[in-house]
Amino acid sequence: MESVRLEDAGAPVRSGQATVLYQNKMYMFAGLANEDETKMLRHPLGEFLNDVWMCSWTPEPTWSQIDVYNAEEMAEVFGHTCTLSGSTVILMGGQGDRFVSGQVVSMDLAAGTNLRWVVHHKHNSVFRERWGHSCVLDSDGRLVVFGGSGDHDTYNDTMIYDPNTHEFEEVFCQGNIPSVRRRHCAHVYDNKMWVFGGRRGTVPNGSFLNDLWYLDLSTRTWHMVHPIYDYPYAGLTAYTTPMQDGGPIGPTTRIQNNPLELWPAAPGPRTGACSWLWKDEMFVFSGFDWRAIAEQTTQYVLYNDLWKLHLPSGTWTPLGFLQTRNTAWRPPDETGAELEVPLNEVLPRSMAGCQQMQGPVVYIFGGRNHVGAIPEVLVVELTRADSLLELVLKFILENGIDVDFNSLPPTLSERLQALLEDGPSKWALKALVANRRKGSPSP
């Protein structure tokens, strides 16, 4: 599966943000912007934000910052959740600058230019303060919250939030309950909340997870689908960097170059991955892990692999390292970073934002790694049957055939123009055309 990097998309650079899709516009809330790229893994992490941005298509993706009447009512955080209920986005929790938030605020996006936050909770005895939790909608339109971390503890509790009464209900689940975790992946399919991976507390070793669970929302019973696979590094599909005192002390190198048929049975342990749901499959991309390898030295493991999980059978399928049809973003040379990553492969990262669009299109942006913030916007098309015209156009472009598009017959030129302007689902092809017209080499 390929992606295409959009150049000059104008997206604000950050990580740990949250997004929702409303009336074919993407709204992005808060996150973490990095003040000093050389101190990515140290505290303070950077600038904590509480801003709101909107991305619309005209037909290009265009970002604009939204003025909020009472912006100060929302804490500056990352690792929060945003969930859309009707036209209202509900924001919960988050990690701030040396504090964890218990906020629950909402905003009615149908208000147009009169956007404002409504505060429902600053603290709640059920929700408590937390970040890195998950929040999904059940079939009754209620919000199901699981896990996350507070100031000192990491949780595995489950609760339901009613957007009409703004009250939390603690759920006492049955079955074998998953271990505590944060920054895991969670989605609802077949009236079940599926949970993958995350980080268990703050223990340096053995604290990263790749187990798979689901909570039956009708019976409130947990079921384990796959236990933790404790892979040695030789079995991981990732890149690794030796670190000391929060900074790299060696090059970033790939752990494994095996063909897909020799990849392990499930994704490696990780936290901070981004994920999305398409039909009966859950896709997981990126994330990180680390393990101590010597005194004051850790092996920082970053992922840029892409996996899909067939939910009815619980079967994982590796899709490979995520690549671009054009050249992926790289940091400027003056950073001194040594990145042994092919130019058509996106950089490994964690805490990237992703948003499922209307149809089989996913928008991935931002994230961070040991080098710094990643100012990159990627478009991934999950599945689409190419028309004959598209296949011919791809062949021309990808093989560098010199064709003057303006010299084509008017009818064909009109069809090409319509193809390249047909909304978000054609971004990938449009970006490829722009890349080829500028003379960039194909990967």
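Let me start with a weak spot. Over residues 36–44, pLDDT stays under 50. For that stretch the model has 24 contacts beyond four places in sequence. A second stretch, residues 435–443, also has pLDDT below 50. Beyond near neighbours in sequence, that one has 15 contacts in the model. Keep in mind that this is a predicted model. Across the protein chain, the mean pLDDT is 82. And 76% of the residues reach 70 or more.

Now the overall build. How many helices and strands does the protein chain have? There are 3 helices and 33 strands. The chain has 443 residues, and buried ones make up 57% of them. Next, contacts with a separation of 6 or more. Of these, 57% join residues 24 or more positions apart.

On to the pocket. The largest pocket has a volume of about 1100 Å³. It is lined by 36 residues. Which of them are closest to its centre? They are Thr19, Cys82, Cys135, His187 and Ser275. Several strands supply at least two lining residues each. Those strands are β2 (18–22), β6 (81–85), β12 (134–137), β17 (185–189), β24 (274–278) and β31 (353–356). What is the lining made of, by residue type? It divides into 18 nonpolar residues, 17 polar and 1 charged.

Let's walk along the chain a little. Look just before β2. Gln17 is found in the loop between β1 (2–5) and β2. Is Gln17 buried or exposed? Its relative accessible area is 10%, so Gln17 is buried. Set aside residues up to four places away in sequence. Gln17 then touches Met28, Phe29, Ala30 and Gly31, among others. Its partners also include His80, Met351, Gly353 and Phe365.

Now step past β2. Gln23 is in the loop between β2 and β3 (25–33). Gln23 counts as exposed because its relative accessibility is 59%. Check its backbone too. Most residues other than glycine have a negative phi. Gln23 is not a glycine, yet its phi is positive, about 50 degrees.

There is another such case. Asp190 has a positive phi of about 55 degrees, and Asp190 is not a glycine either. Where does Asp190 lie? It sits in the loop between β17 and β18 (192–199). At 52% relative accessibility, Asp190 counts as exposed.

Next, Ser101. Find it in the loop between β9 (99–100) and β10 (104–108). Ser101 has 6% relative accessibility, so it counts as buried. What does its side chain reach? It reaches the backbone nitrogen of Gln103, at 3.0 Å. Now leave aside neighbours within four places in sequence. Ser101 is in contact with Ala75, Val77, Gly93 and Gly94. It also contacts Phe127, Glu129 and Arg130.

Now a residue in a strand. Thr221 is found in β20, residues 221–226. Thr221 counts as buried because its relative accessibility is 17%, and the cut-off for buried is under 20%. Its side chain makes a polar contact with the side chain of Thr219, at 3.2 Å. Look further along the chain as well. Gly175 is 46 residues away from Thr221, but their C-alpha atoms are separated by 5.3 Å. Gly175 is one of the residues Thr221 touches, not counting those up to four places away. The others are Gln174, Tyr214, Leu215 and Asp216.

Pro264 comes next. It lies in the loop between β23 (253–254) and β24. Pro264 has 16% relative accessibility, so it counts as buried. Leu236 is 28 residues from Pro264 along the chain. Their C-alpha atoms are separated by 7.4 Å.

Last stop, Met357. This residue lies in the loop between β31 and β32 (361–365). With a relative accessible area of 4%, Met357 is buried. Which residues does Met357 contact, leaving aside neighbours within four places in sequence? They are Leu21, Trp57 and Tyr363. Now find Met26. Met357 and Met26 are 331 residues apart along the chain. Their C-alpha atoms are separated by 8.5 Å.

How values were computed. Residues are numbered from 1 along each chain as its sequence is written. This is a predicted model: local features need pLDDT of at least 70, side-chain atom pairs count only at pLDDT 80 or more; totals for chains, interfaces and linings use all residues. Side-chain values use heavy atoms; hydrogens and water are left out. Helices (H or I, at least four residues) and strands (E, at least two) are DSSP runs, numbered from the N terminus. Buried means under 20% relative accessible area, exposed over 50%, partly exposed in between (1.4 Å probe, protein chains only). A polar contact is a pair of N or O atoms within 3.5 Å; within protein, one must be able to donate a hydrogen and the other to accept it, and residues adjacent in sequence count only if both atoms are side-chain atoms. Contact means heavy atoms within 4.5 Å. On a 1 Å grid over the protein atoms alone, a cavity is a set of points where a 1.4 Å probe fits but cannot get out, and a pocket is an open set with protein on both sides within 12 Å along at least five of seven lines; lining residues have an atom within 4 Å of a point. Grid points are joined across faces, edges and corners, and a volume is the space filled by probe spheres set on the points. Ala, Val, Leu, Ile, Met, Phe, Trp, Tyr, Cys and Pro count as nonpolar, Asp, Glu, Lys and Arg as charged, and the others, Gly among them, as polar. pLDDT is the predictor's confidence in each residue, from 0 to 100.
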